[in-house]
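Hi,

Here is the structure I promised to pass on. Have a look at it first, and my notes follow underneath.

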Amino acid sequence: MTTNRLEGVTEELIPTSLGLINLKDCSDALVEILNALDIDKCVLVDNSRGGMLAGVFPEYPQRTTAAIGINCTASLPTTFESIWATALSPFLSLHAKMPPLAAKAARAAFAGPTAEATNPHFLEFTNFVLNDDPKSVARALRSILIGRKDEHRRLNTIRNVPVLIITGEEDSQFPVHVVRKMADAIEGSTFRVLQHTAHLAARENSQGVDAEIDAFLAALPAAA
């Protein structure tokens with residue numbers, strides 16, 4: 001058996017002819033990747049939308065050694081998220097290049113009070129969104145926000161796969177109580193909160209995230 005840690009499974013792996021991208025589409029794409037790489041089982045680690053995938057992928061226990069979701073949710077979008085995404089998505093679709101407004105939106109979404117006060121390098125990093133294809137981002141907004149479903153009942157069916165859910169206490173996108181609800185829906189899951197950390201925890205606080213992941217994996221049974 002080969003066990004690998006896969007990171008960053010993105011929506012670009014799904015054919016662009018599809019409409020909204022749901023978690024089953026992402027799971028099917030990941031299974032195809034594992035098959036292509038001849039990997040029997042994996043430890044899946046990902047953030048935000050990818051963390052949602054990490055939460056549901058243990059539905060494939062034969063392919064999952066463990067799963068780690070960071071800054072993720074299983075809840076429906078809030079009214080604010082739906083209104084915001086519904087307005088921003090068509091606006092972005094009209095542009096060939098990402099408008100500067102997107103960088104401001106990314107900073108507001110991804111940087112918490114600690115980063116704003118103490119981490120200029122992270123604030124500069126949030127400009128990464130300017131390199132993205134606005135039409136691709138618009139499609140992601142429709143899938144992640146407007147089209148997001150409540151997955152708690154689905155998560156409650158997962159058995160016998162170790163799952164770690166990590167969140168940042170300053171995450172304004174998916175607040176702690178929302179992420180905790182996701183973790184509570186998964187039987188036997190481990191839940192951790194990182195202090196002074198916002199939505200992109202692995203980027204903003206890589207040492208804290210790595211420490212939690214290493215401790216979680218070290219505690220797994222040797223057979224895993």
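Phe-110, Phe-122, Phe-125 and Phe-128 are linked by ring pairs into a cluster. Before you read on, bear in mind that this is a predicted model, where local features need pLDDT of at least 70, side-chain atom pairs count only at pLDDT 80 or more, and totals for chains, interfaces and linings use all residues. Residues are numbered from 1 along each chain as its sequence is written, and side-chain values use heavy atoms, with hydrogens and water left out.

Back to the rings. Rings of Phe, Tyr and Trp (its six-membered ring) pair if their centres lie within 6.5 Å; planes under 30 degrees apart are stacked, over 60 edge-to-face, and the rest tilted. That rule gives four aromatic pairs. One of them is Phe-122 with Phe-125, a tilted pair at 6.1 Å centre to centre and 35° between the planes. These two are about one helical turn apart, because they sit three residues apart in helix H6 (residues 120-125); helices here are DSSP runs (H or I, at least four residues), numbered from the N terminus. Phe-125 also pairs with Phe-128, this time stacked, with 4.9 Å centre to centre and 20° between the planes.

How buried or exposed are they? Buried means under 20% relative accessible area, exposed over 50%, and partly exposed in between (1.4 Å probe, protein chains only). Phe-122 is buried at 3%, while Phe-125 is partly exposed at 22% and Phe-128 is partly exposed at 30%.

Phe-125 has one more partner: the charged end of Arg-203 sits over its ring, 3.9 Å from the centre. For that to count, NZ of Lys or CZ of Arg must be within 6 Å of the ring centre and within 35 degrees of the ring normal.

Then the cysteines. A disulfide is a pair of cysteine sulfur atoms within 2.5 Å, and the structure holds zero of them. Why does Cys-42 have no bond? The closest cysteine sulfur, in Cys-26, is 14 Å from the sulfur of Cys-42, so it is too far for a bond. For Cys-72, the closest cysteine sulfur is again in Cys-26, at 13 Å, which is too far for a bond. Cys-42 is buried, with a relative accessible area of 0%, and Cys-72 counts as buried at 0% too.

Happy browsing!
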